[in-house]
Amino acid sequence: MEENYGILKYLITFAVIWCAGLGVGAQQENPTVLFNVEAGQPGRQIPSTLFGLFFEEINHAGAGGLWAELVSNRGFEAGGPNTPSNIDPWSPIGDEGSVLLVTDRSSLFERNKVALRMETLCDSEGSNQCPAGGVGVYNPGYWGMNIEEGESYHVVLWVRSTGAVNLSISFTSSDGLNILAASSIVASSFEIQDWTKKEFILKAAATDHYARLSVTSSKKGIVWLDQISAMPVDTFKGHGFRKGLASMLADLKPAFIRFPGGCFVEGVWLRNAFPWRQSIGPWEERPGHFGDVWGYWTDDGLGFYEFLQLAEDLNTLPIWVFNNGISHTDEVSTSTILPFILDILNGFEFARGPSNSTWGSVRAAMGHPDPFNLKYVAIGNEDCGKQYYRGNYIKFYYAIKLAYPDIQIISNCDGSSTPLDHPADLYDYHIYTSASNIFSMVHKFDNTPRSGPKAFVSEYAVTGTDAGHGSLLAAIGEAGFLIGLETNSDVVEMASYAPLFVNANNRRWNPDAIVFDSWQQYGTPSYWVQQFFRESSGAVLLPVTIQENATSALVASAIRWSSLEDGEDYIRVKAVNFGSSLLTLDISISGLPVGSIRSSGSKKTILTSDNLMDENSFDKPQKIAPRATAVENSGTDMNISLPPHSVTVLDLQLDHVMHSAI
């Protein structure tokens with residue numbers, strides 16, 4: 001392996017030392033660069049796991065985003081266990097003389113004891129008559145609920161009362177004046193003297209992207225409400241994920257999804273770390289928790305089970321990042337870590353155990369009797385320098401390997417330059433930096449030892465002034481870096497961009513791959529760059545040579561891949577021009593019989609824009625997006641133009657008759 005790698009490495013050469021700024025000294029005007037692809041060589045198989053996703057609950061990525069729940073603080077738990085408590089964002093409909101809202105600890109659910117007591121002080125007749133439409137409480141969701149004409153929504157709530165009730169449950173316009181869909185609860189005191197679950201399917205008669213859910217009454221009396229949920233009936237694969245967002249993930253053809261964080265896993269304090277065990281089971285029974293790193297409450301409707309289901313729905317590998325007894329502030333000593341280890345082993349049983357096991361039966365009861373395909377875990381997140389990390393890691397490592405020897409374990413410690421001092425299958429590497437620096441890091445893993453644990457570049461992105469809210473400049477720099485990872489995929493097994501999502505109303509981090517609000521979404525240029533690499537996982541990396549003394553603004557690679565869509569085979573050349581001058585790439589593909597590349601059926605796709613700092617937006621969601629054109633008269637020798645500040649992909653279709661020759 002070492003000898004074969006050395007030959008291949010000699011052939012795969014790039015000159016990419018980046019000079020200061022965006023210019024390159026002594027650069028020829030519109031130079032031509034010779035680029036040879038050794039298609040007759042066997043090449044090297046790229047890991048099938050190379051490019052995937054990293055999901056963190058940040059920027060309301062899940063709560064108010066990928067998870068399609070429309071109600072925020074659905075169980076009234078966000079204000080804490082002590083009552084009366086803050087019920088934000090719930091708000092009254094009516095003044096203090098007509099309705100009184102207060103929380104108490106009367107809920108049916110032992111882990112969610114807080115419920116809302118709604119007292120209607122007015123009545124349908126008499127001196128204190130309720131206003132038209134009644135009084136009550138409404139929830140605006142996460143900066144508005146997207147209610148669309150003709151679509152259906154599943155609404156669930158728990159209710160009890162000491163008297164008869166007549167409640168209206170409705171989606172209304174953002175100002176509350178127009179009813180979009182409605183139903184009612186009419187019941188005697190006998191029927192709802194105990195907590196009772198009510199469910200409705202509401203079909204919208206009109207559209208409002210910033211609607212709200214209202215519960216109202218015109219009948220004097222007291223009702224208790226709890227666990228109020230509203231979700232669109234039409235979700236991704238029917239499993240509760242917002243279709244528009246989940247579809248954008250599927251379009252990337254991810255090889256894996258790492259979840260649920262990130263710092264979200266750790267917490268500022270351990271008491272606020274992500275609790276896998278509390279995030280499973282019936283949604284009404286999940287206590288939720290405050291994510292203190294990113295500063296907001298999550299009901300944990302998007303829990304451990306849902307993450308595993310998402311991976312399955314995306315046909316990708318789940319990578320579970322779990323807390324190893326360490327937060328940003330407090331740590332569990334290695335001498336007392338055993339209960340945390342046992343808890344994680346229970347998590348494995350939940351994910352992988354038989355349906356008749358203790359925790360596997362919980363999974364089965366949730367609707368998934370077959371085990372999930374969990375094969376990768378990360379012990380902690382960015383904890384390598386913490387006092388107890390290595391000690392805790394070792395104990396977790398051997399306990400997991402004893403119970404599940406096939407599990408691939410990822411260390412937080414960087415092994416790219418110095419060998420690890422502990423066993424691991426992979427090691428984590430994170431990089432957030434400027435565009436020019438990440439572009440220059442195309443060679444980062446060139447000299448990494450070719451034996452030992454593989455690298456998992458689980459968080460990379462251009463940040464700071466270069467990035468804005470997602471700039472072309474950032475994307476071009478990242479594209480160069482990804483070519484370096486692809487080239488070094490004998491030691492880099494996985495890579496993922498971070499963060500994945502941002503709700504435009506809650507930007508805790510910039511930039512992000514996908515921007516959304518209550519009803520619309522778009523990909524940043526960094527998202528589109530990832531699309532250029534979605535065929536790389538499992539493809540064959542072809543040896544290439546680039547002429548000596550070529551401009552340092554250029555990096556390029558070549559792969560051979562097969563399309564599942566059209567059944568054709570292609571050679572894909574990816575080229576990144578990070579400079580300010582037009583380049584001509586003189587491509588020569590050697591080692592193929594004459595006629596191996598079809599003269600038609602090929603295409604060139606370019607990502608660029610007029611300004612380096614251009615960004616996409618809701619108004620112009622595809623201002624910077626790939627533009628594809630057909631390539632006629634393609635062959636083994638051809639020239640393509642590489643615009644300044646661009647990423648160019650050339651897909652050359654191979655002739656099936658000649659394919660056996662390569």
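**Group meeting: strands, cores and disulfides**

V159 stands opposite L225 in β14. I start there, in the middle of a sheet. One thing before I go on: this is a predicted model.

So, which strand does β14 pair with here? Strand β9, residues 152-161, is joined by 8 bridges to strand β14, residues 221-232. The two run antiparallel. Zoom out to the whole sheet. It is open and has 5 strands, in the order β5-β6-β14-β9-β12. The pairing is antiparallel. Now the edges. Those are β5 (99-104) and β12 (196-203). Each has a single partner strand, so one side of each is left without a neighbour in the sheet. There is a twist to report as well. On average, neighbouring strands are turned by 30° against each other, direction ignored. As a reminder, strands of a sheet pair through backbone hydrogen bonds, either parallel or antiparallel.

For the parallel case, go to β21. This strand covers residues 426-433. Of its 8 residues, 6 are buried, and the strand is mostly covered. On the β20 side, the pairing is parallel, over 2 bridges. S411 has Y427 in β21 as its bridge partner. With strand β22, residues 454-462, β21 also pairs in the parallel sense, this time over 7 bridges. There, H430 stands opposite E459 in β22.

Next, the cysteines. How many disulfides does the structure hold? There are 2. Counting bonded cysteines along the chain, the pattern is 1-2, 3-4.

Take C122 and C130. Their sulfur atoms are 2.0 Å apart, and they form a disulfide. The torsion about the S-S bond is about 100°, so this disulfide is right-handed. Both C122 and C130 are buried.

Then C384 and C413. A disulfide joins them, S to S 2.1 Å. This link is right-handed too, with 100° about the S-S bond. The pair connects distant parts of the chain, 29 residues apart. C384 sits in the loop between β19 (376-379) and α7 (389-403). C413 sits in the loop between β20 (408-411) and β21. Are these cysteines buried or exposed? C384 has a relative accessible area of 19%, and the cut-off for buried is under 20%, so C384 counts as buried. C413 is buried as well, at 2% relative accessibility.

And C263? This cysteine is in no disulfide. The nearest cysteine sulfur is that of C384, 15 Å away. C263 is buried, with a relative accessible area of 16%.

On to the packing. In soluble globular proteins, nonpolar side chains tend to be buried together. The largest nonpolar core here has 116 residues. Which residues have the most contacts inside this core? W320 and F501. Helix α9, residues 472-487, gives the largest share of the core, 10 residues. Look at W320 on your screen. Beyond its neighbours within four places in sequence, its contacts include F259, W276, F304, I344, F348 and Y376. Apart from this core lies another, of 38 residues. Among them are F76, I192, A211 and V223.

I344 and F348 take us to a helix pair. Helix α5 covers residues 338-352. The axes of α5 and α7 come within 10 Å and cross at roughly 35°. The crossing is right-handed. Which residues meet there? From α5, they are F340, I341, I344, L345 and F348. From α7, they are K395, F396, A399, I400 and A403. So I344 and F348 in α5 appear twice: in the meeting with α7, and among the contacts of W320.

One more helix: α10, residues 525-532. How many of its 8 residues are buried? The count is 8 of 8. They include Y527, W528, V529 and F532, and also S526, Q530 and Q531.

Last stop, T648. This residue is found in strand β35, residues 646-653. T648 is buried, with a relative accessible area of 1%. What is in contact with it, leaving aside neighbours within four places in sequence? The list includes V573, K574, A575, K604, T605 and I606. I640, S641, L642 and P643 are on it too. T648 and A556 are 92 residues apart in sequence. In space, C-alpha to C-alpha, T648 and A556 are 9.4 Å apart.

That is the tour. Questions, please.

Conventions
Residues are numbered from 1 along each chain as its sequence is written. This is a predicted model: local features need pLDDT of at least 70, side-chain atom pairs count only at pLDDT 80 or more; totals for chains, interfaces and linings use all residues. Side-chain values use heavy atoms; hydrogens and water are left out. Buried means under 20% relative accessible area, exposed over 50%, partly exposed in between (1.4 Å probe, protein chains only). Helices (H or I, at least four residues) and strands (E, at least two) are DSSP runs, numbered from the N terminus. A disulfide is a pair of cysteine sulfur atoms within 2.5 Å. A nonpolar core is a set of buried Ala, Val, Leu, Ile, Met, Phe, Trp, Tyr and Cys residues joined through side-chain atoms within 4.5 Å. Contact means heavy atoms within 4.5 Å. Two strands pair if DSSP finds at least two bridges between them. Axes are lines fitted to C-alpha atoms, for helices over the stretch in contact, and angles run from 0 to 180 degrees between N-to-C directions. A crossing is left-handed if the near helix is turned anticlockwise from the far one by less than a right angle, and right-handed if clockwise.
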